[in-house]
Amino acid sequence: MFRNGLEPWHIAIMVVVLVLLFGSKKLPEMARGLGKSMRILKAETKALREDDAPAEAQNGTAASQAEQPRQAVEPTVVTKATETPKSTTA
């Protein structure tokens, strides 16, 4: 029973539930939107990797960068604005 996580009848039930929940008109739109999002994500991660590759080539290997000490960052203090106490003299 548990040897296969998803059997064909599990997938059929899931498809029926999705069609009942979202309707047959919304499912293609949702799939298109998901596909576009995945393409954008893939393109952005590829661009980030390409941006990192020339920087590593100019600065040396990643191992030499790890050996360099980082600069200390000054912490910022965030305070809430408090209300001024109201005077009780009237």
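1. A patch here is a group of residues with over 30% relative accessible area and no salt bridge (side-chain nitrogen of Lys or Arg within 4 Å of a carboxyl oxygen of Asp or Glu), with like charges joined within 9 Å and nonpolar side chains (Val, Leu, Ile, Met, Phe, Trp, Tyr) within 5 Å. The nonpolar one on this surface is made of Trp9, Ile13, Val17, Leu18, Leu21, Phe22 and Met30, together about 690 Å² of accessible area (Shrake-Rupley, 1.4 Å probe, only the protein chains shown counting as cover for residues). Helix H1 is the biggest contributor, with 6 residues.

2. Keep in mind that this is a predicted model, where local features need pLDDT of at least 70, side-chain atom pairs count only at 80 or more, and totals for chains, interfaces and linings use all residues. Numbering starts from 1 along each chain as its sequence is written, and side-chain values use heavy atoms, leaving out hydrogens and water.

3. On confidence: pLDDT (the predictor's per-residue confidence, 0 to 100) averages 77 over the chain, and 61% of residues reach 70 or more. H1 scores highest at a mean of 89, while H3 (residues 62–67) is lowest at 54. Where pLDDT is low, the predicted coordinates shouldn't be read in detail.

4. The fold is simple to list: 3 helices, 0 strands (DSSP runs numbered from the N terminus; helices H or I, at least four residues, strands E, at least two). H1 covers residues 8–22, and its 21 Å reach between end C-alphas is close to the 21 Å expected (1.5 Å times one less than the residue count). Glycine 23, just after H1, has a positive phi of about 85 degrees.

5. UniProt, in an unreviewed entry, puts a "transmembrane region" at residues 6–23; such annotations may be inferred rather than shown by experiment. In the model that span is 83% helix, with its end C-alphas 23 Å apart.

6. Is Val17 of H1 buried or exposed? Neither: valine 17 is partly exposed because its relative accessible area is 41%, between the buried (under 20%) and exposed (over 50%) cut-offs, with a 1.4 Å probe and protein chains only. Across the 90 residues, 0% count as buried.
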